[in-house]
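User: I should like to examine a protein chain through a series of questions and answers. Please show the sequence and the structure before we begin.

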Amino acid sequence: MAEPLRIAVVGHTNTGKTSLLRTLTRDPRFGEVADQPGTTRHVEGARLSIAQGGTLEWFDTPGMEDSIALLEYAEQLDAPGERLDGPARIRRFLDSPEAHGRFEQEARVLAKLLDCDAALYVIDARDPVLAKHRDELALLAACGRPLLPVLNFVNAPAHRAAAWREAMARLGLHAVLEFDTIAPPLDGEQQLYARLAILLDSHAAVLQGLARQLAQDRQARHDTALRLAAELLVDVAALRLSSANDEAALAATAAQLRDRVREREQACVTALLALYNFRPDDYRAQDLPLAGERFGMDLFHPQALKHMGVQVGMGAAAGAMAGAAVDLLSAGLSLGTGMLIGAAAGGLWQGVERYGRRLAGKLRGYRELSVDDAVLRLLALRARQLIGGLERRGHAAREPMRLDAASDDAWRKGPLPAPLKEARGRPEWSALAQGHEDDERRKQCVAALARVLSHESANENASESSANTQ
């Protein structure tokens, strides 16, 4: 069995080393993250297995705090006329008394780096380039292992990424990666492993295999997320509840309709958080802000609709009936109402199956309530923006998620996609109602709706990539 590839994550204190590993391992529980410096005091490890074979081991190391004094001390250990290479000088320091005393934390870092194949040097791009950073790099470079500088917090408004790139180039480090651990680029991991493959030619096959596996995993998560959103929309579009035709009964049924839809949306949110490996208790619905408002703003509140640019119809805004549409019996049906009435008069209920039964209820004085189109639009917008936010969120993020409004005019103003129109006339498709049928046609409509969502997401990602390259 091949030896694992071992990579240390090194750097100054409080630059985001543990945060980087949380994001790379997709594990929000890895290590400890805090704002105060020196949170990591010991070396911690994580292992990634590659489907095609091979293993990558990551090691989180303590922050280096006193590199200027350490470099001076290491130079004092040189005997007159002695000429040692970098690793030999570092090993001499590790054998000295100070490596177990004053410089114990730095000694842990250097010892681990000597034991690894390469290192990521994590930089807080908001910090100025100081002498202590240059001395850190001198000590780390002396270990004789390839170093890949990683610029963290490059999404901060006052970052100094350009100054750091210049400083790295002056030290001979020209392969520099920008990787914000709070909001990493969608292809950030692939870029990281591609850079490492250049630095570690003998391990290139393993690193390239890992990059391919990560890309496949990301696409699979994306496809699953879109399917979850499509299932939500079909369930809600198909939902119909019967009610007696009096004001109290209609209000009670509308309340029941709203509750079922709210619970269904929350189930979708929980499933998406789990899919992207965020803990269910990391966020409550009301803790997901959306462009200054609460993501958890009530789904049926007119302000939630207006805030997302969805035109509010009378059904969505009207008091006890908010969000409900009444008696949309013929919407999305392949059989016309006139045909149904004729079939009812002729006693041909079996020929029109479920449509005849529904019309019979109407003729007996019952009404049907379904979700207003405006609420369907809001559900789609919220689901799509949550998926986009999760895909761009690092597992080290601790602040509430900020979701920017995407260019979703198709969902705000355009016609509803054909699969949703068909679901309108298929109440048996809704998992929120009794007698739910997950037939082949329903599966086809869910898949078609997921493709609609995927097409829109692809357009947004292309626009984002174009903007980043301009």
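Analyst: Contact here means heavy atoms within 4.5 Å. The model is a predicted one.

User: Among contacts in the chain between residues at least 6 apart in sequence, what share joins residues at least 24 apart?

Analyst: The chain has 470 residues, of which 50% count as buried. Its secondary structure consists of 17 helices and 11 strands. Of the contacts between residues at least 6 apart in sequence, those that join residues at least 24 apart make up 72%.

User: Where do the buried residues of helix H3 lie when the helix is seen down its axis?

Analyst: Helix H3 spans residues 86–94, and its buried residues are Pro 87, Ile 90, Phe 93 and Leu 94. Seen down the axis of H3, these buried residues fall within an arc of 120 degrees, so they line one face of the helix. An α-helix has 3.6 residues a turn, so residues three or four places apart point the same way. The place asked for is therefore one face of H3.

User: Which helices are included in what covers the buried residues of H3?

Analyst: The residues to be covered are Pro 87, Ile 90, Phe 93 and Leu 94. Their cover includes helix H2 (67–76), helix H4 (104–114) and helix H5 (131–141).

User: At the start of H3, which residue has its backbone nitrogen within 3.0 Å of a side-chain oxygen of Asp 85?

Analyst: Helix H3 begins at residue 86 in the range 86–94. At this start, a side-chain oxygen of Asp 85 reaches to within 3.0 Å of a backbone nitrogen, that of Ala 88.

User: On which side of H6 do its buried residues lie, the same side or opposite sides?

Analyst: The buried residues of H6 are Ala 161, Trp 164, Ala 167 and Met 168. They cover an arc of only 125 degrees around the axis, which puts them on the same side of H6. The face turned away from this buried side carries the exposed residues Ala 162, Glu 166 and Arg 170. The buried residues thus lie on the same side.

User: What do the buried residues of H6 pack against?

Analyst: The residues concerned are Ala 161, Trp 164, Ala 167 and Met 168. They pack against strand E4 (118–124), H5, E5 and strand E6 (177–178).

User: Leu 173 is in the loop between H6 and E6; which residues does Leu 173 touch, not counting residues up to four places away in sequence?

Analyst: Just after H6, Gly 172 takes a positive phi of about 85 degrees. Leu 173 has a relative accessible area of 16% and is buried. The C-alpha atoms of Leu 173 and Leu 148, 25 residues apart along the chain, are separated by 7.6 Å. With residues up to four places away left out, Leu 173 touches Leu 137, Leu 147, Pro 149 and Met 168.

User: Is Leu 113 buried or exposed?

Analyst: Leu 113 belongs to helix H4. Leaving aside neighbours within four places in sequence, Leu 113 is in contact with Ala 118, Ala 119, Leu 140, Cys 143 and Arg 145. Its C-alpha atom and that of Val 9, 104 residues apart along the chain, are separated by 8.7 Å. With a relative accessible area of 0%, Leu 113 is buried.

User: Is Ile 198 buried or exposed?

Analyst: Ile 198 has its place in helix H7. A residue counts as exposed when its relative accessible area is over 50%. The value for Ile 198 is 67%, so this residue is exposed.

User: Phe 153 has a positive phi; is Phe 153 buried or exposed?

Analyst: Phi of Phe 153 is near 60 degrees, although the residue is other than glycine. Phe 153 is found in the loop between strand E5 (147–152) and helix H6 (161–170). Its relative accessible area is 15%, so Phe 153 is buried.

User: Which helix gives the most to the lining of the largest cavity?

Analyst: The count of cavities of 30 Å³ or more comes to 4, and about 200 Å³ of space lies in the largest cavity. The largest cavity is lined by 17 residues, of which Arg 26, Leu 186, Glu 189, Arg 218 and Glu 391 lie nearest its centre. The elements that give two or more residues to this lining are helix H7 (188–199), helix H8 (204–238) and helix H14 (373–391). The most, with 3 residues, comes from H8.

Terms used. Residues numbered from 1 in each chain as written. Predicted model: local features only at pLDDT ≥ 70, side-chain atom pairs only at ≥ 80, totals over all residues. Heavy atoms only, no water. Buried < 20%, exposed > 50% of the residue type's maximum accessible area, 1.4 Å probe, protein only. Helix = DSSP H or I, 4+ residues; strand = E, 2+ residues; numbered from the N terminus. Arc of directions from axis to C-beta. Polar contact = N/O pair within 3.5 Å; in protein donor to acceptor, adjacent residues only side chain to side chain. 1 Å grid on protein atoms, 1.4 Å probe; cavity = no way out; pocket = protein on both sides within 12 Å on 5 of 7 lines; lining within 4 Å. Points joined across faces, edges and corners; volume = space filled by probe spheres on them.
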